[in-house]
Amino acid sequence: MSGRIGQRAMVLAAGLGLRMRPLTERMPKPLVPVCGRPLIDWGLDALQRAGVAEAVVNVHHLPDMLIAHLTARSSPRIIISDERDRLLDSGGALVKALPHLGTEAPFFVLNADTLWIDRNESNLCRLRLAWDEAAMDILLLLADPAAATGHTGKMDFIMGPGGRLRRAGSSREGFIYAGAALFHPGLLEGAAAEPHSLNLYFDRAIAAGRLYGLPLEGHWITVGTPDAIAPAEAELRRLGAAP
């Protein structure tokens with residue numbers, strides 16, 4: 001199993017990007033440039049550095065533009081999951097893509113609108129090394145708010161002993177979900193490719209005591225609105241990570 005963990009990935013890229021208007025009136029959100037590089041390429045580059053062989057990318061809003069951009073990539077190899085007829089949300093997207101992702105080994109799940117700068121080693125490789133089949137159904141990459149740019153909401157999770165997670169609720173303490181995870185395909189057994197959120201599986205894993213987290217080493221950035229682009233670019237330049 002260890003050699004197959006995280007060899008495939010799902011990149012969630014089909015959202016409408018309503019908060020990113022007016023930019024998303026003429027381009028899909030994953031193509032919005034940050035330091036001259038489309039948002040989705042920051043995540044795909046992280047997958048490439050981690051040695052991921054294949055990435056499934058779902059498309060819906062202005063899909064032809066995104067598909068045309070992705071055809072230029074050779075690593076990871078891109079497989080398109082076409083949702084132009086109906087948007088399936090994050091959970092339904094995984095179910096639809098499962099034939100490409102496989103039903104045995106855990107795969108990565110990435111949001112297309114978040115990025116991070118690794119401190120030393122790849123954080124995706126760290127997720128892979130931390131995976132414990134006996135204990136985990138999902139392993140989330142988590143950001144410390146003190147090393148994050150662009151986050152304006154509440155905390156997502158509180159980490160207990162050994163990395164087990166629970167919802168943060170109204171607590172101001174805890175971690176932000178960094179938009180990257182290792183996900184066991186067994187959670188999708190019997191699920192239908194109908195619109196539903198990944199939060200359904202997060203909550204099931206919490207109830208079973210099998211949702212775990214790994215704190216990110218480096219700096220995390222989210223770009224959800226046009227106003228978030230300038231701070232993101234400033235932080236990338238400060239970190240020496242701008243192309």
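**Exercises on two sheets**

Isoleucine 138 stands opposite leucine 211 in strand 13. Keep this pair in view while you work through this predicted model.

**Exercise 1.** Find out in which sense strand 8 and strand 13 pair, and over how many bridges.

*Solution.* Start with strand 8, residues 138-143. Its pairing with strand 13 is parallel and runs over five bridges.

**Exercise 2.** Work out the strand order of the seven-stranded sheet, and explain why strand 5 and strand 13 each have one side without a neighbour.

*Solution.* Step one: trace the open sheet, whose order is 5-4-1-6-12-8-13, with mixed pairing. Step two: look at the edges, where strand 5 (77-82) and strand 13 (211-215) each have a single partner strand, so one side of each lacks a neighbour in the sheet. Step three: follow the twist, which averages 25 degrees from one strand to the next.

**Exercise 3.** Which strands do helix 1 and helix 2 touch?

*Solution.* Helix 1 (residues 39-49) packs on the sheet against strand 1 (8-12), strand 4 (54-59), strand 5 and strand 6 (107-111). Its direction makes about 170 degrees with that of strand 1. Next comes helix 2 (residues 63-70), which touches strand 4 and strand 5; the angle between the directions of helix 2 and strand 4 is about 160 degrees.

**Exercise 4.** Describe the sheet of three strands, and find the bridge partner of alanine 148.

*Solution.* First, read the order of this open sheet: 7-14-9, with mixed pairing. Its edge strands are strand 7 (114-118) and strand 9 (148-149), each pairing on one side only. Then see how strand 9 runs parallel to strand 14 (residues 218-222), joined by two bridges. Finally, alanine 148 has tryptophan 220, in strand 14, as its bridge partner.

Notes:
Residues are numbered from 1 along each chain as its sequence is written. This is a predicted model: local features need pLDDT of at least 70, side-chain atom pairs count only at pLDDT 80 or more; totals for chains, interfaces and linings use all residues. Side-chain values use heavy atoms; hydrogens and water are left out. Two strands pair if DSSP finds at least two bridges between them. Helices (H or I, at least four residues) and strands (E, at least two) are DSSP runs, numbered from the N terminus. Axes are lines fitted to C-alpha atoms, for helices over the stretch in contact, and angles run from 0 to 180 degrees between N-to-C directions. Contact means heavy atoms within 4.5 Å.
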